[in-house]
Amino acid sequence: MMDGVEFRVLGPVGVWCHGERLSPTNAQQRTILAMLLLTPAHVVTLGQLVTALWGDCPPASARNAIQGHVSRLRRLLDDIPGVELVTAGPGYRLNVPRESVDVHRFRRLVGRAQAVDAPLDELLRTAVDLWRGPAFADVAGEWLAATAGPALEQERLAAVEELSRAELRGGRPGAAIGRLTAVVAEHPLRENAVALLMTGLHRAGRRSEALDVFRATRLRLSRDLGIEPSDELQRIHRAVLADDPPAVAASQAVAAPAVATAGPCARQLPADVAYFTGRTAELAALDELLGWRHTGVAVAVISGAPGAGKTALTVHWAHRVADRFPDGQLFVNLCGFDTTGAAMDPADALRRLLAGLGVPANRLPAALDEQSALFRTVVAQRRVLIVLDNARDAAQVRPLLPGASGCLVVVNSRDQMTGLVVGHGATPLALSRPSPAEAREFLAKRLGSERVAREPQASADIVESCGRLPLALAVVAARAVTNPHLPLAALAAELRESRDRLDVLANGDSATDVRTVFSRSYRALGTETARLFRRLGLHVGPDLSLSAAANLMGLPVARTRALIGELIRAHLIEEPVPGRYVFHDLIRAYAEELARTIESAADRRLALRRLLDHYLHSARLADALVEPHRSPIRFEPCADEVHVDEPTDRQEAQAWFTAERAVVLAAIDRAAAEGFAAHAWQLAWAIKPWLSRQWHRHDQVRAQRTAVAMAMKVGDTAAQAVAHRYLADGFDRLGQHGDAEVDYQRALDLYRIVEDRIGQAHVELDIARMFDRQQRHRDAVYHLERALVLFRAECHGVGEARTLAALGWEHAQLGQYGEALEHCRAALALLQASADRHGEAAGWDSIGYIHHQRGEYPLAIQCYERSLEMLQECGDRMGSARSLVCLGESRLAAGEAAGGRRAWQRAMALLTDLDDAAAAELAERLRLLPAAPPGADQRSESG
């Protein structure tokens, strides 16, 4: 333990310090903590936590609830040195020393006791005393205790029995009797414990009690199971009857049947993988298990997408370590995702495993549980490597697991095998795609380094076209090998230009054909889950949310969550961050192919319409929070059955746009291509303010070009005016002022046609901002005065206020500070009345500039800080960067060198992502600042 801090799951769950419980007090938090403690330093996915808390029926708010619980757990753990709860990929990882967790300390102590020849009492007693009640005694839900509890309880019972044997051999029956009495009372049919209890009672002079225990056990076995006591128990009974102190019963692990001892040493591994490359980290993780097998049965679960190289990694590693397992290496293909769809029955797998260990067929029991027990007995005290390839699920694997230390099991599957990870302490190893360098190394090994070096770009293109998927790379490499004169560039072009890469990757061999490999996973899905897989192929962006998936299906979100969980377990889709789902490129191509061939055109169009409705109306609601003062437009109606994301405040709205930016841009393009013209231009309208504030200038131009085309297609003049205005704004931000002027003029003409005076005023205001960027301040004032007249004529208070603020800025640029301050103060009064935080930020920025120019630096600093706070609240990154630059200038002018430097450094952090030229200029200004002397002003700017 570290400084008296202990993490417990063997009994009540929580954190203890010097014997006093610290946290957590919430049962759901205890469940999450227990899940994380079972696999420290490994990721526990959000889906696994949902299952642990609510089983198969989670509430709609499950994921939000878990995120809240994790946040509170993180605060509880923050003060413990050496402990860190981090978000990692699709879930969370708890970095904590294994020795500080009671279950791992228990297993280590038991393993040490099994590995040494010295008296075992102290090690085993310390291990057993770590149990303070049933595992997971006070967690929420039943899933964790039902799934992981039984396996842990078996470990506890085995340790209690082993400790009792040591005490009996040491002549201390009294210590063993009390412990064994409790075990037999709870597990009356556990014959090994009964035998030890009878031995202890007899050695303590309590012969009649020993006989009573036997009679009670025999009656229960006969009544409940219809069987007689085992030979060992009857031997002890005869010894007690004869008053001859029986020998201490051997552990079950020792009692291997004679049929197994003479069997051949199985060497069943397939041939090692030719041209194996990379996977250094994964091989190292598997190597670590070699030490763990001495403390119990070590189990590794290698999971990954179809074609990710699971079997190749498994077989290659198994060959590397085969000499560590002199008693045999067993291999069974469980056919979990075979083309026939018929996974191997566990009983059949057991028969094959036992045959490999030399057990004759005529000695095999008929029942699955008896076969499993015989398998555990045969491999006991042997060092055997067991490879279970292509497993379907945890239920197929459980009967095939040994029960004693010395063996190591490696399972690979498209399923994540959560039940094995939680219930049997399996080490999860999620196999992602190899890195570009590893993929290129594979090609070099397969094709020859010279051939790859001659065409480096073609090689890189092949790697990316195959999505770095090992199976796809192997198929393409095979084509190149069999056609040695075929230029790699030609092969790369074929992959790149083919409408269907799956056809290019076809090779006629069902075992390695990419489409066939994917189909095995697809055919294993339920009907509804298979439909979801196809519908996801219709999605428009690089990733998607749960609500988007629900709209593609036309199902409730809760039902869709369950279906998508099945796809995750099958590795047909990934959850790289909580709540966001992505396809591997080739699997996406397969899903698209299925959607085209199986889904009707009408169903595809209806699903796409629901999806576009979802993004349009979710973006509409988010934009209303980001920019609440926009002139409204009329949106396409939203179907009643569509799920719409509804952010509740500006921060949630900004987070929604951040998460969905690439998807919305793709949705605009898809809407235009599929004839949903109104959706296209309205989506471009909705995302424009957020794109502008985040300085995504190229995205803005791309979206508005599409919007212009679609507005023209439907003949909507007002929509054309808006799209031209926003396109001009994008050109202006890119510095393409000539293009901007053309589109601003087109927008003005269209607004005049539809007699929209507010629209005209906005264009005049935008033109003034463009002239300001070109230092044409008098031209800017001219257009601002025109805008002011139009806004006042239409009683548009927000427009009037923003124009006044802009006028104040322009007059300040012309050195007319009195007039500038008058305009700015008038603007602030209107902006504050309308709660226009973004406009108010611009007003404070202008007043800060005026005070700075007057030499009133403390006042300037106050104004810039207020402006910065509002800009950050509005999510305006470029505005925040500019405000920080000005704040730094005012602090430097006020003699606050350290504060000025910090403000510029913060501005640099923003500008580096937004504007290379501005970032380079500021970097040079920072370089020229004198070094801060010791004791310099340490005050930090606010915001």
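**Exercise 1. Over which residues, from 252 onwards, does pLDDT stay under 50, and how many contacts beyond four places in sequence does the model have for them?**

Solution. The model is a predicted one, in which local features need pLDDT of at least 70 and side-chain atom pairs count only at pLDDT 80 or more, while totals for chains, interfaces and linings use all residues. Residues are numbered from 1 along each chain as its sequence is written, and side-chain values use heavy atoms, with hydrogens and water left out.

Step 1: recall that pLDDT is the predictor's confidence in each residue, from 0 to 100, and that a contact means heavy atoms within 4.5 Å. Step 2: the stretch asked for is residues 252-264, where pLDDT stays under 50 and the model has 22 contacts beyond four places in sequence. Step 3: look also at residues 934-943, where the pLDDT is below 50 and the model shows 23 contacts beyond near neighbours in sequence. Step 4: set both beside the whole protein, whose mean pLDDT is 84, with 90% of its residues reaching 70 or more.

**Exercise 2. Describe how helix H41 packs against helix H42.**

Solution. Step 1: find the elements, bearing in mind that helices (H or I, at least four residues) and strands (E, at least two) are DSSP runs, numbered from the N terminus; H41 covers residues 857-874 and H42 covers residues 877-893. Step 2: the axes of the two helices come within 9 Å and cross at roughly 160 degrees, where axes are lines fitted to C-alpha atoms, for helices over the stretch in contact, and angles run from 0 to 180 degrees between N-to-C directions. Step 3: classify the angle, for which under 35 degrees counts as roughly parallel, over 145 as roughly antiparallel, 65 to 115 as roughly perpendicular and the rest as oblique; H41 and H42 are therefore roughly antiparallel to each other.

Step 4: H41 passes H42 in a left-handed crossing, a term used if the near helix is turned anticlockwise from the far one by less than a right angle, whereas clockwise would be right-handed. Step 5: list who touches whom, and you will find Tyr857, Ile861 and Leu868 among the contact residues of H41, and Ser883, Leu887 and Arg891 among those of H42. Step 6: sorted by class, this contact has 10 nonpolar, 6 polar and 2 charged residues, with Ala, Val, Leu, Ile, Met, Phe, Trp, Tyr, Cys and Pro counted as nonpolar, Asp, Glu, Lys and Arg as charged, and the others, Gly among them, as polar.

**Exercise 3. Repeat the analysis for helix H39 and helix H40.**

Solution. Step 1: H39 (residues 817-833) and H40 (residues 837-853) pack at an angle of about 155 degrees, with their axes 9 Å apart. Step 2: that angle makes H39 roughly antiparallel to H40. Step 3: the crossing of H39 over H40 is left-handed. Step 4: the contact includes Tyr817, Cys824 and Leu831 of H39, and Gly839, Trp844 and Ile850 of H40. Step 5: the classes come to 9 nonpolar, 5 polar and 1 charged residues.

**Exercise 4. Work out the order and the edges of the sheet formed by S1, S2 and S3.**

Solution. Step 1: the 3 strands form an open sheet in the order S1-S2-S3, with antiparallel pairing; two strands pair if DSSP finds at least two bridges between them. Step 2: strand S1 (5-8) and strand S3 (20-23) each have a single partner strand, so one side of each is left without a neighbour in the sheet. Step 3: on average, and with direction ignored, neighbouring strands here are turned by 35 degrees against each other. Step 4: strand S2 (residues 14-17) is joined to S3 by 3 bridges; tryptophan 16 stands opposite arginine 21, and cysteine 17 has glutamate 20 as its bridge partner. Step 5: the hairpin of S2 and S3 has 2 residues between the strands, and histidine 18 takes a positive phi near 50 degrees there.

**Exercise 5. Trace the sheet of 6 strands and the helix H15 that packs on it.**

Solution. Step 1: the open sheet has the order S7-S9-S10-S11-S8-S12, and its pairing is parallel. Step 2: strand S7 (266-267) and strand S12 (427-431) are the edge strands, each pairing on one side only. Step 3: inside the sheet, 6 bridges join strand S8 (residues 298-304) to strand S11 (residues 408-413), and valine 301 has valine 411 as its bridge partner in S11. Step 4: H15 (residues 346-356) touches S7, strand S9 (328-333) and strand S10 (385-391), and its direction makes about 155 degrees with that of S9. Step 5: in the loop between S9 and H15 lies cysteine 335, whose phi is near 55 degrees, a positive value in a residue other than glycine.
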